[in-house]
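Thanks for asking me to look over this one. My notes are below, as numbered points to read beside the structure.

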Amino acid sequence: MSAGKRPSLRMDVPVIVLLIHLTHTEIRALLASRAGVESGCPLGQFPCGNMSECLPQALQCNGHKDCPNGADERRCGDNIGWADLFGQTLQNANPLDQYLLNECSLQEYPESCDCIQTDVECVEVNLLDVPLLSPNVTWLSLRSNQIRVLSDFVFSEYSSLERLFLQNNSLQFISKHAFSGLHNLKRLFLSENLISSLSPGVFRDLHQLEWL
């Protein structure tokens, strides 16, 4: 490049700035639209996916399709949830990719449970207590078992846990520090149990909780 020539950037800069502005505008519009849909339901209710219909939160993941489109039973920690999470991806994957997607990344989990990557499903396997798992578990379903008590610090080793499904057990007592250490938990499901009361501060460590 000769000394007298320089790249002509001045004409390009406004175009780049305009493109960035448009991109940010579209993102903000998308987020605003999504927030409007999600916030369209009153407190204690949830939307049926992309529909305008709202239902009581207790009906979500209760084992029965209450939404016309079945959105209330998706990603609930059962076989339907697993299909939602991985089915679409596996359909387009080659055999090697399928193996890698199905491979468990946990060193420890019960033989009666299923594991994909860092997600563990222990549904209807007659568990009486929370099983021993590797600490990197991020998604745990203990639905439809016979767990009656959650003792203090029972989940404290699983600080990476983001979703915890405990529906359809026989839970009667949850210790004050049962959920201690779950700083990354975003969704906790406790419906269809026998809980009559909860100790003050039982959810104290759940700083990231979005759904209860």
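The points start with the overall picture, then take up the cores, the aromatic pairs, one serine and the disulfides.

1. **Overall picture.** A word first on the kind of model: it is a predicted one. The protein has 3 helices and 9 strands, and from the N terminus the order of these elements is α-β-β-α-α-β-β-β-β-β-β-β. Of its 212 residues, 32% count as buried. Among contacts with a separation of 6 or more, 41% are between residues 24 or more positions apart. The exposed surface comes to about 13,200 Å², with 53% of it supplied by carbon and sulfur atoms.

2. **The largest core.** Which residues have the most contacts inside the largest nonpolar core? They are Val 120, Leu 150, Phe 155, Leu 164, Leu 166 and Phe 179, in a core of 28 residues. Leu 150 is a good place to begin a tour: leaving aside residues up to four places away in sequence, Leu 150 touches Val 130, Phe 155, Leu 166, Leu 171, Phe 173, Ile 174, Ser 175, Ala 178 and Phe 179. Apart from this core lies another, of 9 residues, which includes Phe 46, Cys 61, Cys 67 and Trp 211. As general background, nonpolar side chains in soluble globular proteins tend to be buried together.

3. **Phe 155 with Phe 179.** The count of aromatic pairs is 4. One of them joins Phe 155 and Phe 179, a stacked pair with 6.0 Å from centre to centre and 10° between the planes. The two rings come from distant parts of the chain, 24 residues apart: Phe 155 sits in the loop between β6 (149-150) and β7 (163-165), and Phe 179 in the loop between β8 (173-174) and β9 (187-189). Both Phe 155 and Phe 179 are buried, and both are on the list of residues with the most contacts inside the largest core.

4. **Phe 165 with Phe 189.** Why does the pair of Phe 165 and Phe 189 count as stacked? The ring centres are 4.8 Å apart and the planes meet at 5°, and planes under 30 degrees apart count as stacked. Because Phe 165 belongs to strand β7 and Phe 189 to strand β9, this pair ties together parts 24 residues apart in sequence. Phe 165 has a relative accessible area of 0%, so it is buried, and Phe 189, at 6%, counts as buried too. Trp 139 joins Phe 165 and Phe 189 in one aromatic cluster.

5. **Ser 180.** This serine deserves a look beside the rings. Ser 180 is in the loop between β8 and β9. Is Ser 180 buried or exposed? Its relative accessible area is 12%, and the limit for buried is under 20%, so Ser 180 is buried. Not counting residues up to four places away in sequence, Ser 180 touches Phe 153, Phe 155, Ser 156 and Asp 205.

6. **Cys 41 with Cys 54.** The whole structure holds 4 disulfides, and I comment on some of them here. Cys 41 and Cys 54 have their sulfur atoms 2.0 Å apart, and their link is left-handed, with -85° about the S-S bond. Cys 41 is in the loop between α1 (12-38) and β1 (45-47), while Cys 54 is in strand β2 (residues 54-56), 13 residues apart. Cys 41 is buried at 13% relative accessible area, whereas Cys 54 is partly exposed at 21%.

7. **Cys 48 with Cys 67.** In this disulfide the sulfur atoms are 1.9 Å apart. The torsion about the S-S bond is about -80°, so the link of Cys 48 and Cys 67 is left-handed. Cys 48 lies in the loop between β1 and β2, and Cys 67 in the loop between β2 and α2 (79-91), 19 residues apart. Both cysteines are buried, and Cys 67 is among the residues of the 9-residue core.

8. **Cys 104 with Cys 115.** Is this link left-handed or right-handed? The torsion of 75° about the S-S bond goes with a right-handed link, and the sulfur atoms of Cys 104 and Cys 115 are 1.9 Å apart. Cys 104 is in the loop between α3 (95-102) and β3 (114-116), and Cys 115 is in strand β3, so the pair ties together parts 11 residues apart in sequence. Cys 104 is partly exposed, at 21% relative accessible area, and Cys 115 is buried, at 10%.

Technical notes. Residues numbered from 1 in each chain as written. Predicted model: local features only at pLDDT ≥ 70, side-chain atom pairs only at ≥ 80, totals over all residues. Heavy atoms only, no water. Core = buried A, V, L, I, M, F, W, Y, C linked by side-chain atoms within 4.5 Å. Buried < 20%, exposed > 50% of the residue type's maximum accessible area, 1.4 Å probe, protein only. Contact = heavy atoms within 4.5 Å. Phe/Tyr/Trp six-rings, centres within 6.5 Å; stacked < 30°, edge-to-face > 60°. Helix = DSSP H or I, 4+ residues; strand = E, 2+ residues; numbered from the N terminus. Areas by Shrake-Rupley, 256 points an atom, 1.4 Å probe, with all protein chains shown as cover. Disulfide = S-S within 2.5 Å.
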